[in-house]
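Visitor: I would like to go through the aromatic rings here. Please give the criteria as we go.

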Amino acid sequence: MALKTRRISTIRSRLFKTTMGCCGDEENDDDIFNPPTSTLHDSSSSSSDSTTISPMNSHFSALACRDTLRVIFEELPIPDLARSSCVCRAWNSVASDQEIVAKAFKSPWRLKEVIGKPASGSFWRDNSLGKFAISHRISRGDSVASLAVKYSVQVMDIKRLNNMMSEHGIYSRERLLIPVSNAEMLVGATCYVEVDPCAKREVAVLYLEDGPDPKSMSSCALSPKNAESSGANSELGKKRVLESLRRSMQVDDATALYYLSIADGDPRAALSQFSQDLRWESHSALA
């Protein structure tokens, strides 16, 4: 058992160097890395040439063993798994295994669990801190500025993450995604893979209080109808609608465009939503 563990450890060490572009070392390894003597041209060349480990090396059968590859790949971080998956089909099938990839995704942040199946396989390729967000349920009196202070983040970061053009947009939503500023919050936490319909992005969401809304977990893709306006059929028509809406609301172009987009291009619905937000803002100021 000890011999097997030592052999796997040696394989992993040498494989790391090969995969990461460090296979030019001239060091001597154990016999398991050297091809049979009969395949060498002469005895003199065997002492000076080093054997490069490669899936194309038929003498190194361990690289074709899925069990051995799993043991090795389970120790790799996300970027190295991506490189390994490009070597050959055998490596790709193991390096793309969701269990292995999910483990590598959680490892740097010491997450307890990541629940949910991503809509895109590329979700696992980036496990930077920006991939995570806190779900905050909007309540009366909340503003982007107050939430920025509460969670120690920048106002612009909240607006960027939630695809907000104006702070008025907070009143038309049930929740906001808040960037994670302290990595310690992720230690031992459970995150849920969700596609936020307002933010229009897929993130690993952390819930500090209530659990996830079943509706947010039921959909893993954005509807194409939500990605484009249905109110105007031409660029000229869109400009006219936007200009009319801007004058009616007495706001800037960005705010008018935002309300038009959340109303699916319907100017009346956009104006109605804007009026509701103003009333909400007025009541919040009086509370």
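Guide: A search of the whole structure finds seven aromatic pairs. This is a predicted model: local features need pLDDT of at least 70, side-chain atom pairs count only at pLDDT 80 or more, and totals for chains, interfaces and linings use all residues. Residues are numbered from 1 along each chain as its sequence is written, and side-chain values use heavy atoms, without hydrogens and water.

Visitor: What makes Phe 105 and Phe 123 a stacked pair?

Guide: Rings of Phe, Tyr and Trp (its six-membered ring) pair if their centres lie within 6.5 Å; planes under 30 degrees apart count as stacked, over 60 as edge-to-face, the rest as tilted. Here the centres are 5.5 Å apart and the planes differ by 25°, so the pair is stacked.

Visitor: Where do the two rings sit in the chain?

Guide: Phe 105 is in helix 6, and Phe 123 is in the loop between strand 1 (113–115) and strand 2 (132–137), 18 residues apart. Helices (H or I, at least four residues) and strands (E, at least two) are DSSP runs, numbered from the N terminus.

Visitor: Why is Phe 105 called buried?

Guide: Buried means under 20% relative accessible area, exposed over 50%, partly exposed in between (1.4 Å probe, protein chains only). Phe 105 has 0%, so it is buried. Phe 123, at 2%, is buried too.

Visitor: Why is the pair of Phe 105 and Trp 124 called edge-to-face?

Guide: The planes stand at 85°, with 5.2 Å centre to centre. That angle is over 60, so edge-to-face applies. Trp 124 is also buried.

Visitor: Which residues do ring pairs link into a cluster?

Guide: Phe 105, Trp 109, Phe 123, Trp 124 and Phe 132.
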